[in-house]
Amino acid sequence: MRSSHFQAETNPIHEKNKHEGNSQVNGNKIAATSFDKTMISESDFMGLVQGMYGSNYVAVVIYECPLGTLFNSTTCLCDYPENVDSGTFYPELYMILISTANSYQVIPYPYGFHPSEIVDDPEYPNGPIGGVGGTADCAGVAGGTAHMESCGCIGGTTGISDCNQMCSVSATMAPIQSTVRPGTKINLATTIYTTAAVTVTDKRFDVWYRGEWHETAIIYDEPAITQGNTFTYNNAQVNVLGELRYRLKITYTCNGVPSTVYSNVISTYSQYTSANLMAEFSTEMASCWSQTVASSVANQGKKYEYGFSAYFDCVDKKVSVWGSIVSTSVGCGTLGFGVTLDERPTDQVDPTYGADFTVGNFHTHPPLTYCSSIYSLVPGPSSLDLGYNTSYPRIARTYSNTVTGGHNINLPLTDHLTHSKSVTDY
Ligand SMILES: [Zn+2]
């Protein structure tokens with residue numbers, strides 16, 4: 001039996017009870033739910049197993065993962081539910097079916113009764129359930145000397161004489177900063193532990209973005225570093241907005257049998273905040289306002305707005321003004337006008353390379369200094385400004401109080417932030 005990577009968290013269950021056989025056979029399939037709790041002996045149980053899975057299975061070992069854990073069929077370990085996210089779903093209880101061909105299969109425990117209700121074979125109370133005439137060992141060998149230990153079936157024909165020869169692989173990724181901004185480079189560092197029987201054949205980081213794990217989806221600026229038992233990629237690029245998770249996938253062989261294990265998962269949020277926008281584009285914002293004033297003075301009877309859109313440039317890996325500062329103007333009597341700012345969607349972003357996407361914008365509202373006193377303008381964002389359904393900060397610079405045509409052009413100003421976003425909004 002090549003059950004070479006069962007770990008000490010598992011506990012075999014072999015307990016006794018009385019039974020009344022009550023099986024129903026439909027073809028060679030047995031409906032597990034048709035059995036009540038008044039059964040069942042080992043031989044009845046083997047009848048069930050062979051009916052469902054085939055007569056070549058001659059022995060069964062039932063395991064129960066500790067409370068709160070599930071069986072991870074990828075790593076063959078009991079693990080916390082958040083780490084059991086691939087392959088078939090296995091509950092706490094599962095079975096190892098041992099065949100006459102000296103092979104085995106691990107499957108979820110499918111029956112409606114607890115294994116403690118199975119009546120042991122009195123001749124072999126510590127052996128696996130069933131067996132060829134009750135004489136097969138846990139490796140499925142009739143009269144064999146293999147036996148179950150906390151790490152699995154060892155001895156006999158298994159080629160394993162000691163639990164220390166079992167394969168054990170684990171990997172722990174160091175935490176990364178909880179928030180980053182697009183263009184950030186992060187270091188992915190993992191500590192790997194393997195026992196001597198393990199041969200690692202491949203290591204790579206996966207990245208999770210927008211609900212999916214992607215293999216080979218991270219761009220690194222430097223080659224991987226293997227140093228002792230650590231494996232690190234420095235300066236992995238973050239070219240998107242939103243939550244990112246990382247894990248290391250390790251492919252290995254254990255006594256020649258290929259297997260895969262994953263590290264813990266670490267995560268971060270990539271965001272570009274209104275504070276970033278205000279801090280990094282104050283010069284451009286001041287320029288927008290001075291141009292608004294200058295144009296209003298030079299073209300009396302017209303209203304002006306200036307603004308710009310900031311975006312993440314996926315080639316240069318930095319946030320810049322999209323194109324240049326833009327403006328629009330209308331006569332003082334025209335209502336509902338506004339400068340048009342570039343919009344790059346944030347929801348069509350490749351997790352590998354990213355894309356150009358908007359991270360914020362800014363615009364001014366017009367002075368009415370050279371307009372008739374019949375016109376006035378309230379402070380703050382317009383209903384048009386508030387109506388956008390975009391997921392990045394927008395700032396409108398307006399006079400702090402309501403202004404009426406002919407007002408002093410140098411009154412106090414206020415920046416109004418709309419569409420303020422929390423980190424989880426991306
Ligand atoms: Zn506006």
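Me: What share of the contacts with a separation of 6 or more joins residues 24 or more positions apart in the protein?

Reply: In this predicted model, residues 24 or more positions apart account for 64% of the contacts with a separation of 6 or more, where a contact requires the C-beta atoms of two residues to lie within 7 Å. The secondary structure of the protein consists of four helices and 29 strands, and buried residues make up 35% of its 426 residues.

Me: How do you know how much confidence the predictor has in the protein?

Reply: On a scale that runs from 0 to 100, the pLDDT of the protein averages 80, and 81% of the residues score at least 70. Residues 1-37, however, have a pLDDT below 50, although in the model this stretch has 106 contacts beyond near neighbours in sequence.

Me: How do you know whether the span of α1 agrees or disagrees with 1.5 Å a residue?

Reply: Helix α1 covers residues 42-53, and its twelve residues should span 16 Å at that rise; the C-alpha atoms at its two ends are 16 Å apart, so the two values agree. Just after α1, G54 takes a positive phi of about 120 degrees.

Me: What puts the buried residues of α1 on the same side?

Reply: The residues concerned are E42, F45, M46, L48 and V49, and they cover an arc of only 155 degrees around the axis, which is why they are placed on the same side of α1.

Me: Which residues of α3 are called buried, and which residues are called exposed on the face turned away from them?

Reply: M285, C288, T292 and S296 are the buried residues of α3, and a residue earns that word if 20 or more other C-beta atoms lie within 10 Å of its own. Their arc around the axis is only 60 degrees, and therefore they lie on the same side of α3. The face turned away from this buried side carries T283, A286, S290, A294 and A298, which are exposed. The helix itself, residues 282-298, has 17 residues and reaches 24 Å from its first C-alpha to its last, close to the 24 Å expected.

Me: Which strands do the buried residues of α3 pack against?

Reply: They pack against β22 (302-313), β25 (357-364) and β27 (394-399). Of these, β27 is mostly covered, with six of its six residues buried.

Me: What makes β27 a paired strand, and in which sense does it run beside β25 and β29?

Reply: Two strands pair if at least two bridges are found between them. β27 and β25 have four bridges, in the parallel sense, while six bridges join β27 to β29 (residues 413-418), with the two running antiparallel. Examples are H363, which stands opposite A396 in β27, and Y399, whose bridge partner in β29 is L413.

Me: Why are β12 and β17 called edge strands?

Reply: The sheet in question is open, has four strands in the order β12-β14-β18-β17, and is paired antiparallel. β12 (169-173) and β17 (225-227) each pair on one side only, and that makes them the edge strands. Neighbouring strands of this sheet are turned by 20 degrees against each other on average, direction ignored. Within the sheet, β14 (residues 185-194) and β18 (residues 230-237) pair antiparallel over six bridges, and T190 has F231 in β18 as its bridge partner.

Note on methods: Residues are numbered from 1 along each chain as its sequence is written. This is a predicted model: local features need pLDDT of at least 70, side-chain atom pairs count only at pLDDT 80 or more; totals for chains, interfaces and linings use all residues. The expected span of a helix is 1.5 Å times one less than its number of residues. A residue is buried if 20 or more other C-beta atoms lie within 10 Å of its own, exposed if 12 or fewer, and partly exposed in between; C-beta atoms are placed from the backbone. The arc is that of the directions from the helix axis to the C-beta atoms. Axes are lines fitted to C-alpha atoms, for helices over the stretch in contact, and angles run from 0 to 180 degrees between N-to-C directions.
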